[in-house]
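Dear colleague,

Please find the structure below, together with its sequence. After it I describe what was found, and it may help to keep the view open while reading.

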Amino acid sequence: MVAAAAAATAMGKSQRSSKNSDRLEQEIAENPAANEDVEEASGGDEESQPSDAASLSEDEGSQGSPVDSEEENGDVSDDEDHRSGEESDSSEEEVPSRNTIGDVPLEWYKDEEHIGYDVAGKKIKKQARKDRIESFLAGVDDAKNWRKIYDEYNDEEVELTKEEVKIIGRMLKGKTPHAGVDPYAPYVDWFVWDDKGHPLSNAPEPKRRFVPSKWEQKKVVQYVRAIRKGLIKFDKPKEEPRVYLLWGDDSSAAENKRHGLSYIPAPKPKLAGHEESYNPSVEYIPTQEEINSYQLMYEEDRPKFIPRRFESLRSVPAYEKALKENFDRCLDLYLCPRTRKKRINIDPESLKPKLPSRKDLRPYPRTCYLEYRGHTGPVKTISIDVSGQWMASGSSDGTVRVWEIETSRCLRVWNVGEAIKHISWNPLPELPVLAISAGHDVLILDTGLGNAEEQARIKELLHVEESKPEEDGSTPVVSWVQDDKYDCIRLKHLKAVTTVEWHRKGDYFTTVVPSGDSRAILIHQLSKKHTQNPFKKLHGLPVSAVFHPTRSIFFISTKKNIRVYDLLKQKLVKKLETGVREISSIAIHPGGDNVIVGSKDGKMCWFDMDLSSKSYKTLKTHPKDITNVAFHRSYPLFASCSDDCTAYVFHGMVYSDLNQNPLIVPLEILRGHTSSDGRGVLDCKFHPRQPWLFTAGADSIIKLYCH
């Protein structure tokens, strides 16, 4: 009924199918604010704006988007049209359809260039179809997009007015379409009672009003028989007990229970013992030395009563503290609130979680095995080759070095000239190239470690033709330039680049420019030398951006929260609330359902994507800022490094059973780096195959910790 009402309301604009009406009903149900005030949407706070990022997924197809809506203007009608409109059954004028093909199925025109014919018999050309990204961006930029309905019959978009949306909203709530209609109007008595001397009926009273009813008599007889047979029972009045226990316990007396509440009796005073006897045994009487020692004790530890011995009961004097103790007893009974406390005797050790032994969780990195020396400045970033044979490092001294892991031998050195911010190795083993961020530039550098066939492919891949200027004269987002000095590609950004991360397929990579405003998150395609800017509206300063290890999901972390976008569906999937002061780094579990976040207040948060948008567990590990966090690709290990010159190694087992929570066990604290200018360990990475951990410190040393 609601779908038909939506179509009937929008008939003044164009004919709509039941499919579009269902879509309108769903959108209005999702926008409750539109049902009352019909406020215009603010532009989609929770939705992303990916443009060409959907090309990262396997879905190459595009979906047709509705064309821009055409405004329909109506002229003011004259008096005759107004009178004819009042006589018609419909309160709205019906606009004739632009398409005149009738009830012919639109599937017949699917492969044609037109969708039908107009009144003049001319073909109605199909509008230019937009792909998914263009239609999504057009919908995000238009605040009134939720009020639009796509008319397949006429191939156009129709925008509902505020009044029409109000009518549909009222019908969804079960109200009348028009607010001026009162469904519960007061009853109007049509009969005129004034000056009427006789009632409506002047018939005499019937005899049955004066004779007892025989049906009521039969009903009473039925009740009497039911009471006698016991079918109907009445509650017996409660009898109060005439006697009570004179010497019984107060707690067991029934009359002490107040309205069903448990009665708590007053504590009994302590009864007199052997030491209070007037003629106690000799062992209860203290010596003079013991009495003198009582004076040296604290008042709360001093005995309240010192036993004395008398020959007879007549010789016992009056108790000097009797009045004070009775007064204190009365105060305790009057002022002390008595509540029943359920005390559970539990061993505190049993409350601790039963964690497995560290010996059972081996192997994990414990001792320093190798040191890689050669940099003259703090080593800010390291990256491990997917084969596990090579390691690349970048330092603030402006050099990039490639090391052989097992021998700590330096193979290549490139002097870029600027401080290296981040370095990342391509995840494809047949494509040994490095992505380096230094200043405003990103370098795609050939390491020269592949065979002849791979080097020929890399040389062809890293060749850039001269870029042509934009047709509209605007400045490109990123300039792809051939760098002859290092025989590489240089991507020139407008501002400084902080991080570079590769996609799992090795063709795409993303860069983060925190001060880039609308160009802060960029996605680049190496094979086509193309740059995309899908996220033009960011809620906060970005810190890092990473791809999902297995699916087409993109993570963007700002200083306060993490936004998860689905590149295939082109929308925001989840927003993770960290609750920390400022995010410094993130890492994705190889399974893709768990995320760890490091912060600058020393806290590390573990998120379970299937569980909640809030952290499953928050670990307060480091006293200083956490610089980086990392997961191992194959072992259940994760680590964090900090400016306190330490790296923490944890066991993090994620089970396939969704009902079982992840097991997090702290394993080892790795030390060895020295502080420099208040900085400690700047980066940490796991070996892709072995349970080894690499740490890069501000003391210009890279350490390898093994099991």
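Since this is a predicted model, confidence comes before anything else: the chain averages a pLDDT of 80, and 81% of the residues score at least 70. Over residues 1-21, however, the pLDDT is below 50, although this stretch still has 48 contacts in the model beyond near neighbours in sequence. The pLDDT is likewise below 50 over residues 32-93, a stretch with 115 such contacts beyond near neighbours in sequence. Where pLDDT is low, the predicted coordinates should not be read in detail, and I would ask you to keep that in mind when you look at those two stretches.

Turning to the chain as a whole, you will find eleven helices and 33 strands in it. Of its 707 residues, 38% count as buried, and the accessible surface comes to about 44900 Å², of which 51% belongs to carbon and sulfur atoms. If we take the contacts between residues at least 6 apart in sequence, 53% of them join residues at least 24 apart.

On the surface there is a nonpolar patch of about 540 Å², which is made by Tyr223, Ile227, Leu231, Ile232 and Phe234. One of these residues, Leu231, is found in the loop between helix 7 (214-229) and helix 8 (288-294). Is Leu231 buried or exposed? Its relative accessible area is 67%, and because exposed means over 50%, Leu231 counts as exposed.

Ser393, in strand 7 (residues 390-395), has a relative accessibility of 0% and therefore counts as buried. Which residues is Ser393 in contact with, leaving aside its neighbours within four places in sequence? They are His375, Val379, Thr381, Ile382, Thr399, Val400, Arg401, Trp403, Ile423 and Ile702. With Trp403 there is also a polar contact, in which the two side chains are joined at 2.8 Å.

The next topic is charge. Side chains of opposite charge can pair when their charged atoms come close, and the structure holds 17 salt bridges. In one of them, the side chains of Asp142 and Lys148 meet at 2.6 Å, N to O. Asp142 counts as partly exposed, with 26% relative accessibility, whereas Lys148, at 12%, counts as buried.

Arg490 deserves a careful look, as it appears in two of the pairs described here. The side chain of Arg490 meets that of Asp441 in a salt bridge of 2.9 Å, N to O. Arg490 lies in strand 14 (residues 488-492) and Asp441 in strand 12 (residues 441-446), so this pair ties together parts that are 49 residues apart in sequence. Asp483 also forms a salt bridge with Arg490, and here the closest N and O atoms are 2.6 Å apart. Both Arg490 and Asp441 are buried, and Asp483 is buried as well. Elsewhere, Glu371, Arg373 and Lys703 are linked in a network of salt bridges.

When you go through the model yourself, you could begin with Ser393 in strand 7 and then turn to Arg490 in strand 14, before looking at the surface patch that includes Leu231.

With best wishes

How values were computed
Residues are numbered from 1 along each chain as its sequence is written. Side-chain values use heavy atoms; hydrogens and water are left out. pLDDT is the predictor's confidence in each residue, from 0 to 100. Contact means heavy atoms within 4.5 Å. Patches are made of residues with over 30% relative accessible area and no salt bridge: like charges are joined within 9 Å, nonpolar side chains (Val, Leu, Ile, Met, Phe, Trp, Tyr) within 5 Å. Accessible areas come from the Shrake-Rupley method with a 1.4 Å probe; for residues, only the protein chains shown count as cover. A salt bridge is a side-chain nitrogen of Lys or Arg within 4 Å of a carboxyl oxygen of Asp or Glu. Helices (H or I, at least four residues) and strands (E, at least two) are DSSP runs, numbered from the N terminus. Buried means under 20% relative accessible area, exposed over 50%, partly exposed in between (1.4 Å probe, protein chains only). A polar contact is a pair of N or O atoms within 3.5 Å; within protein, one must be able to donate a hydrogen and the other to accept it, and residues adjacent in sequence count only if both atoms are side-chain atoms.
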